[in-house]
Amino acid sequence: MRLKVNGVEEELAVTTVSELLAYRGVDPVARFVAVAVNGSVVRRFEWPSKPLGPGDDVEIVRPFSGG
Amino acid sequence: MTDPLTIAGASLSSRLIVGTARYPNQQVMLDCLEASGAELVTASIRRISLEGYAESLVDVLGGRYRLLPNTAGCVTARDAILTAELAREALETNWVKLELIGDRELLYPDVEQLVHAADELVRKGFTVLPYCNEDPVTCQKLADVGCAAVMPLGSLIGSGMGIANPTAIELICSRSPVPVVLDAGIGTASDAAFAMELGCDAVMVDTAIAQSRDPRRMAAAMRAAVEAGRLARLAGRIPKRRFAEPSSPQLGLVGS
């Protein structure tokens, strides 16, 4: 299905947030990572159960240097 | 003499808040944070990239600092609120330095959206420190909606132009019910000392340290300047006069 991940549309065979993170090489127990789907934060404990559907807009972020 | 800064019930030993961006390299950044004596340091929240940086900023900082995530670059209240919520999830802090930019060239705050977003974030349980105009009315509105501090700009972000409107900063400090943190525009140590002398409770510095010729020295200079400015403020400056007033005794002058 087509998903928008960090602003880029792609065709992906993943069904949950956890699967998407694994596919993107993000360690599922890595701290300091946060995810939002369609403008709402998905809490860490919801990653394995949160289903992704066609057209979903996913943001995967982490802290970076800043002023 | 301890003189802690209290924001939202949290006591901070340093009145200097330091950014983590624009340093020549990571080691210089770590040395500067150490030399600055800062306890609170800022971070941004950005999309994970595939190229990736193996080590996260938080790992590098090693739990020695309290992190203040920002919403830098956000131009809509919606994006700023989502960024704050992502920061809360990623960093397990409800503190946020709220930035809502109205002009990408000037990085000047969009006051209308800023007050709206601050109000909503306070309602969601955030401790909000908004980067704002050096405008007493805006600062009052931000305090009224429940912001924990206000962060008026000295001059444009990264400009190093110092405090363009000291009268306004002094006015804000004299009227604000919440701590005032001078943010943006600091160019060198005297600007930071000046901010504290005007009555600011703290100063936020990033570029002035990170982009100086010797960032480690500048970090130490900023620390000393903030401490000096604070002491001078507490001590109370003498009034300015139009004419000279001799400091040596007038009586017993030789030849009189």
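1. A good place to start is one pair of side chains: A:R31 and B:E92 form a salt bridge, with 3.8 Å from N to O. Please keep in mind that this is a predicted model. The rule finds three salt bridges across the interface of chain A and chain B.

2. Polar contacts are worth a look as well. Between chain A and chain B, 14 residue pairs are in polar contact, both residues being at pLDDT 80 or more. On the side of chain A that touches chain B, the elements giving two or more residues are strand 3 (34-37), strand 4 (40-42) and strand 5 (57-65). Strand 5 of chain A gives the most, with seven residues. By type, the residues on this side of chain A are twelve nonpolar, seven polar and six charged.

3. Strand 5 of chain A deserves a second visit, this time for its pairing. It runs antiparallel to strand 4 (residues 40-47) of chain B, and five bridges join the two. Within that pairing, A:R62 has B:R46 of strand 4 of chain B as its bridge partner.

4. Now to the extent of the interface. Chain A brings 25 residues to the contact and chain B brings 29 residues. About 2400 Å² is buried between chain A and chain B, and carbon and sulfur atoms give 60% of that area. In chain A, the residues that lose the most area to chain B are A:F32, A:R62 and A:G67, together 28% of what that side buries. A:R62 thus turns up twice in this note: among these three residues, and as the bridge partner of B:R46.

Note on methods: Residues are numbered from 1 along each chain as its sequence is written. Chains are lettered from A and ligands numbered from 1 in the order in which they are written. This is a predicted model: local features need pLDDT of at least 70, side-chain atom pairs count only at pLDDT 80 or more; totals for chains, interfaces and linings use all residues. Side-chain values use heavy atoms; hydrogens and water are left out. Contact means heavy atoms within 4.5 Å. Buried area is the accessible area (1.4 Å probe) that two parts lose on being put together, summed over both. A salt bridge is a side-chain nitrogen of Lys or Arg within 4 Å of a carboxyl oxygen of Asp or Glu. A polar contact is a pair of N or O atoms within 3.5 Å; within protein, one must be able to donate a hydrogen and the other to accept it, and residues adjacent in sequence count only if both atoms are side-chain atoms. Helices (H or I, at least four residues) and strands (E, at least two) are DSSP runs, numbered from the N terminus. Ala, Val, Leu, Ile, Met, Phe, Trp, Tyr, Cys and Pro count as nonpolar, Asp, Glu, Lys and Arg as charged, and the others, Gly among them, as polar. Two strands pair if DSSP finds at least two bridges between them.
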